[in-house]
Amino acid sequence: MNRDILEKVLYDLSTNRANLKLFSTEPDRFLKRYRLSEDERQAILGYEVRTLANEGVNTMLTWGYWLQSGRSNDDYLAAMRQ
């Protein structure tokens, strides 16, 4: 996995409402902007925050990405403990 690209995706989602809206309605269209492997794409689509953190993605980005999806902080912490 490429940490820099993964962080760019999460950064773009956290700093631009238009990106977040596109990701929530047409995730495949949004993700086509980035050179992602299938594993990277699935990790983002599946909100696999533990996997992303294990690849070195900044946990502030994974946390923001998680919360912006409407998921709870408690569920984030549980996912990170896996």
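This passage describes a helix contact, a set of aromatic ring pairs and the setting of one alanine in a predicted model.

The packing of helix α1, which spans residues 3-15, against helix α6, which spans residues 59-68, is considered before the aromatic rings. The axes of the two helices come within 9 Å and cross at roughly 45 degrees; because angles of 65 to 115 degrees would count as roughly perpendicular and those under 35 degrees as roughly parallel, α1 and α6 are classed as oblique to each other. The crossing of α1 and α6 is left-handed. On the side of α1, the contact is formed by E7, L10, Y11, L13 and S14, and on the side of α6 by L61, T62, Y65 and Q68. By residue character, the contact of α1 with α6 comprises five nonpolar, three polar and one charged residue.

Aromatic rings provide a second view of the model, in which six aromatic pairs are counted. In the pair formed by F23 and F30, the ring centres lie 5.8 Å apart and the planes stand at 75 degrees, so that the arrangement is edge-to-face, the cut-off for this class being over 60 degrees. F23 has a relative accessible area of 5% and is therefore buried, and F30, with a relative accessibility of 0%, likewise counts as buried, the limit for this class being under 20%.

The rings of Y47 and W66 are also arranged edge-to-face, because their planes stand at 80 degrees, with the ring centres 6.4 Å apart. Since Y47 lies in the loop between α4 (38-45) and α5 (49-54) whereas W66 belongs to helix α6, this pair ties together parts that are 19 residues apart in sequence. Y47 counts as buried at 15% relative accessibility, and W66 counts as buried at 8%. Beyond the individual pairs, F23, F30, Y34, Y47, Y65, W66 and Y76 are linked by ring pairs into a cluster. One member of this cluster, Y65, is also among the residues that α6 contributes to the contact with α1.

The remaining position to be described is A78, which is located in helix α7, a helix covering residues 73-81. With a relative accessible area of 36%, A78 is classed as partly exposed, because this value falls between the 20% limit for buried residues and the 50% limit for exposed ones. The C-alpha atom of A78 is separated by 9.6 Å from that of R50, although the two residues are 28 residues apart along the chain.

Technical notes. Residues numbered from 1 in each chain as written. Predicted model: local features only at pLDDT ≥ 70, side-chain atom pairs only at ≥ 80, totals over all residues. Heavy atoms only, no water. Helix = DSSP H or I, 4+ residues; strand = E, 2+ residues; numbered from the N terminus. Buried < 20%, exposed > 50% of the residue type's maximum accessible area, 1.4 Å probe, protein only. Axes fitted to C-alpha atoms, helices over the stretch in contact; angles between N-to-C directions. Parallel < 35°, antiparallel > 145°, perpendicular 65-115°, else oblique. Left-handed = near helix turned anticlockwise from the far one by under 90°. Contact = heavy atoms within 4.5 Å. Nonpolar A, V, L, I, M, F, W, Y, C, P; charged D, E, K, R; others polar. Phe/Tyr/Trp six-rings, centres within 6.5 Å; stacked < 30°, edge-to-face > 60°.
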